[in-house]
Amino acid sequence: MSTPPYPDQERTSPLTGDSMTDTLEMSIVDLAQALAEDPSADSGRDETPASASAVDGDGPQGEPAGDTASLFEPTAFTQADALAVSEILDAEAAADETAPAAADAPEATTATATQPLPVLDPVPQYEAEPTTVTVPIVGGTTEAVVLDEPVPGTRDEAALTLTPRRAKVALTVLAVAAFAAGVNEGAIVALTSAIASGLSVSVEAVGLLATAFALTVVITAVPLTLATKRMSRKVALTTALGVWTAGVTVAATSGSIEMLAVGRVITAGAHALFWAMVAPMAASLFAPHLRARSVTGIMMGSAAAGVAGTPVVTTLGTQLGWQVPFYALAALGVGLTIAMAVALPTSRGGSATASVRGDLPDRKAFARVLVVAFLVSVAMSTTWTYVVPFYTEVSGVSMAMVPVLFALGGSLAVAATFAIGNVLGRHAVRTVAVGGAIVGLGWVAFTIGTQWSAIAGQVCLSVGWAVLVAALLNWAMRHAPWRTEIAGGVYTSTANAGSALGPVLGAAVAGTFSTAVLPWVSLALTAVAGVVIATVDRHTLAMLAVPRQVRMARRNLVEVQHRRREWRVQRREFARADREEAVLYRIEAQRRMREPVPREIALERSLHIR
């Protein structure tokens, strides 16, 4: 009996079940994607592992990218860098190699074709790098935005039909709202002395309002986000800003520390919901490849709060009374609430992929990052919450000079955030160490207790804190053991928990000793964080030295090579089956030709010929 003819057989992959054509097309697509992610060839990629990302290319309506976008171009790698990266990746591949050597045997070997195909663990789909952005506000709650790559074309109709002008207006409204939220967050620090004098309470009691704010953000962020998950982002953001305006109004009209605390708690809850929704809303206004620019615009609005908002609040509170800044914020909140209701689309935005996580997932390493983030947050908020009385009472800085110091610090923090963008991808841990060292120098300068040391401390703390929070977020996302949005939420909650504990510790120290002792406590906590950073092993440092996009491209190429080996083996098996079938057909034909032809068939053939 002969086997069925080969053309009637279905050629499928024994591992995946895909047809030869489909699998070949998948390999070509993966190869093209891997080649496109080569940092030397891809100059239009918009997602970089920097702390603040921007798109390199045309803007939302085709306009050229500005100076902000040029700061986030991929890092250029020299030939020496490429060799070092190749050595590290080859060493990792050799250590993790589990496939049998038969897969790479010559094609002419018949025995190899009959061996079973190697079964490899599925390669995790690291689709693309997440958009990670941090706000360099010294002493405030940590605002870290982490967005996974969206599936292209999944934006709903409301977002797709936006006109370019309306999209820009909506982005501007969101940026101004982020600015207002940042100003309100830092208002307590800027007005500590004024509030204490106006309400006849101690400075330590006013500092505890910062703890109430940070703790409310930690507690309410996740529940409010889940509760509004089915709501339109327009409704959620408009509601959040309306509640925020009500809380600011309560704070402005309060005549006691208790009523002021109620207003701060209300604004903190709305603040948490606002930051959970604003970045996805901004990303949905434009095409997926422009999401980093839109999110960066939002974060720049918040960063402007430290550059201009906090100094203005300090000046107004000192000259006109501490309620005046809150009244101004309440009026701004009313206008922004109406603007959001008009400008924002009724959109749920794009959906993100479900498999994006760190390129070096490790729970122990991620826990180490959380420990460092918690320690430095406690250290910063312990002293910075009471920095105004420290300036005026310990360092001898005049109250008129305090807004200038705030403006100087905010400007330096934003500049430092942009300056380190190109080094985060390869030197995350070292950058964290450098940022921590600069912050430590700031605390040392504060311990001197003079006017010039106060200025030097302000400069060091602003620059060091911006470098530190940006590098910490990048380091955390490299080791994220879950999808990056969940890991980012855990990181933010941990850092904000430290920001909530710091004012309590500072109030206890200042009440027991004096405000002059606070920098020593912060210096000790920063030193402990430095010890945790210094104990990172060399192997982890070497793996982190390989940029995420390089590792992703290498893994994609390995997957493509594996699929090619599979199809080479299958092609040899198919060719052997063809040869065996041809031999069977030839033997069958020869056997039939040797058999005697019956007389009836011979007569019929002869009549047919005639």
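A contact here means heavy atoms within 4.5 Å. By that criterion, residues 24 or more positions apart account for 84% of the contacts in the chain with a separation of 6 or more. The model is a predicted one. The chain has 22 helices and two strands. Of its 610 residues, 50% are buried. The accessible surface comes to about 27,000 Å², and carbon and sulfur atoms hold 64% of that area.

Start with the interior. The largest nonpolar core has 114 residues, and L174, I298, Y391 and L472 touch the most other members. Helix 6, residues 164-190, gives the most to this core, with 15 residues. L174 shows how such a residue is surrounded. Not counting residues up to four places away in sequence, L174 touches L237, F274, V278, M281, A282, L285, I298, M340 and L344. I298, one of the residues on that contact list, is itself among the core members with the most partners.

Next come the aromatic rings. A pair of aromatic rings is described by the distance of the centres and the angle of the planes. The whole structure holds seven aromatic pairs. One of them joins W322 and F326. Their centres are 6.1 Å apart, with 80 degrees between the planes. The pair counts as edge-to-face because that angle is over 60 degrees. W322 is buried, because its relative accessibility of 5% falls under the 20% limit. F326 is buried as well, at 1%.

W443 and F446 form another edge-to-face pair, at 6.0 Å centre to centre and 70 degrees between the planes. Both residues lie in helix 16, residues 428-448. They are three residues apart, about one turn of the helix. W443 has a relative accessible area of 0% and so is buried. F446 is buried too, with 1% relative accessibility. Ring pairs also extend beyond these two residues. They link F390, Y391, W443 and F446 into a cluster. Y391 thus appears in two settings: in the ring cluster, and among the core residues that touch the most other members.

What does F446 meet outside the cluster? V387 is one residue in contact with F446. V387 is found in helix 14, residues 387-395. At 1% relative accessibility, V387 counts as buried. Its contacts, leaving out residues up to four places away in sequence, are V189, F406 and F446. V387 and A454 are 67 residues apart in sequence, yet their C-alpha atoms are 9.9 Å apart in space.

F390 leads from the cluster to a loop residue, T515. T515 sits in the loop between helix 18 (484-512) and helix 19 (518-534). Is this loop residue buried or exposed? T515 is buried, because its relative accessible area of 15% is under 20%. With neighbours within four places in sequence set aside, T515 is in contact with Y386, F390, V394 and A510.

Helix 19 follows that loop, and A529 is found in this helix. A529 counts as buried at 1% relative accessibility. Beyond its neighbours within four places in sequence, A529 is in contact with V372, L375 and V376. A529 and R368 are 161 residues apart in sequence, but 9.8 Å apart from C-alpha to C-alpha.

A196 offers a case with a smaller sequence gap. A196 is in helix 7, residues 192-199. At 8% relative accessibility, A196 counts as buried. Leaving aside neighbours within four places, A196 is in contact with V201, S202, V203 and V206. A196 and G207 are eleven residues apart in sequence and 9.4 Å apart in space, C-alpha to C-alpha.

Finally, turn to the surface. V243, M259, V262 and I266 form a nonpolar patch there. Together they have about 290 Å² of accessible area. Which helix gives the patch its largest share? Helix 10, residues 257-284, does, with three residues. I266 is placed in helix 10. With a relative accessible area of 30%, I266 is partly exposed, because that class lies between the 20% limit for buried and the 50% limit for exposed.

Note on methods. Residues are numbered from 1 along each chain as its sequence is written. This is a predicted model: local features need pLDDT of at least 70, side-chain atom pairs count only at pLDDT 80 or more; totals for chains, interfaces and linings use all residues. Side-chain values use heavy atoms; hydrogens and water are left out. Helices (H or I, at least four residues) and strands (E, at least two) are DSSP runs, numbered from the N terminus. Buried means under 20% relative accessible area, exposed over 50%, partly exposed in between (1.4 Å probe, protein chains only). Accessible areas come from the Shrake-Rupley method with a 1.4 Å probe; for residues, only the protein chains shown count as cover. Patches are made of residues with over 30% relative accessible area and no salt bridge: like charges are joined within 9 Å, nonpolar side chains (Val, Leu, Ile, Met, Phe, Trp, Tyr) within 5 Å. A salt bridge is a side-chain nitrogen of Lys or Arg within 4 Å of a carboxyl oxygen of Asp or Glu. A nonpolar core is a set of buried Ala, Val, Leu, Ile, Met, Phe, Trp, Tyr and Cys residues joined through side-chain atoms within 4.5 Å. Rings of Phe, Tyr and Trp (its six-membered ring) pair if their centres lie within 6.5 Å; planes under 30 degrees apart count as stacked, over 60 as edge-to-face and the rest as tilted.
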